[in-house]
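Visitor: I have a structure open in front of me and I would like to learn how to read it. Could you walk me through it step by step?

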Amino acid sequence: MRTHVAAAVGCSPTEVGLSRALVSHFAQGAATMATTPAAMSQWGVREGGSHRAAEREALLRGWVG
């Protein structure tokens, strides 16, 4: 399965790597109840804009395991 990943300007190499690892988990069928697209989309809902890089990286680390 080919996956194309595009990172917005400002994403660190660490964040990009964690995002790719998470996509790989999905491709392998390793999603859990906490890492379904629906569950993750709820995290992205936030007033006042995007989460800070450190928050995103910590969450991605938790999802990747």
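**Reading the helices**

Guide: Happy to! Keep in mind that this is a predicted model. A good habit is to check a helix's length: at 1.5 Å a residue, the 12 residues of helix 3 should span 16 Å, and its end C-alpha atoms are indeed 16 Å apart, so the two agree.

Visitor: Which residues of helix 3 are buried?

Guide: A residue counts as buried when its relative accessible area is under 20%. In helix 3, that applies to R56, E57, L60, W63 and V64. Looking down the axis of helix 3, you find these buried residues within an arc of 125°, so they line one face of the helix.

Visitor: What exposed residues does the face of helix 3 turned away from its buried side carry?

Guide: That face carries A54 and G62. Move on past the end of helix 3 and you reach G65, whose phi is positive, near 90°.

Visitor: How many helices and strands are there in the protein?

Guide: The protein has three helices and zero strands. Following the sequence, you read the pattern α-α-α.

Visitor: Can we try the length check on helix 1 too?

Guide: Of course. Helix 1 has 15 residues, which at 1.5 Å each should span 21 Å; the C-alpha atoms at its ends are 21 Å apart, which agrees. Its buried residues are E15, V16, L18 and L22. They cover an arc of only 165° around the axis, which puts them on the same side of helix 1.

Visitor: What happens just after helix 1?

Guide: There, G29 takes a positive phi of about 75°.

Visitor: How do I describe the way two helices sit against each other?

Guide: Look at how their axes approach, at what angle they cross, and with which hand. The axes of helix 1 and helix 3 come within 9 Å and cross at roughly 30°. Angles under 35 degrees count as roughly parallel, so helix 1 is roughly parallel to helix 3. The crossing in which helix 1 passes helix 3 is left-handed.

Visitor: Which residues form the largest nonpolar core?

Guide: This core has six residues: L18, L22, M40, L60, W63 and V64. Helix 1 (13–27) and helix 3 (53–64) are the elements that give two or more residues to it. Helix 3 gives the most, with three residues.

Visitor: What share of the 65 residues in the protein do buried residues make up?

Guide: Buried residues make up 18% of them.

Visitor: How can I spot residues that are far apart in sequence but come together in space?

Guide: Compare the separation along the chain with the C-alpha distance. Take T14, which lies in helix 1. T14 and L60 are 46 residues apart in sequence, and their C-alpha atoms are 9.9 Å apart in space. A second pair is A21 and W63: they are 42 residues apart along the chain, with 9.6 Å separating their C-alpha atoms. A21, too, has its place in helix 1.

Visitor: Are T14 and A21 buried or exposed?

Guide: They fall in between: partly exposed covers what is neither under 20% nor over 50% relative accessible area. T14 has a relative accessible area of 38%, so T14 is partly exposed. A21, at 28% relative accessibility, also counts as partly exposed.

Visitor: Thank you, I will go back to the structure and try these steps myself!

Methods. Residues are numbered from 1 along each chain as its sequence is written. This is a predicted model: local features need pLDDT of at least 70, side-chain atom pairs count only at pLDDT 80 or more; totals for chains, interfaces and linings use all residues. Side-chain values use heavy atoms; hydrogens and water are left out. A nonpolar core is a set of buried Ala, Val, Leu, Ile, Met, Phe, Trp, Tyr and Cys residues joined through side-chain atoms within 4.5 Å. Buried means under 20% relative accessible area, exposed over 50%, partly exposed in between (1.4 Å probe, protein chains only). Helices (H or I, at least four residues) and strands (E, at least two) are DSSP runs, numbered from the N terminus. The expected span of a helix is 1.5 Å times one less than its number of residues. The arc is that of the directions from the helix axis to the C-beta atoms. Axes are lines fitted to C-alpha atoms, for helices over the stretch in contact, and angles run from 0 to 180 degrees between N-to-C directions. Angles under 35 degrees count as roughly parallel, over 145 as roughly antiparallel, 65 to 115 as roughly perpendicular and the rest as oblique. A crossing is left-handed if the near helix is turned anticlockwise from the far one by less than a right angle, and right-handed if clockwise.
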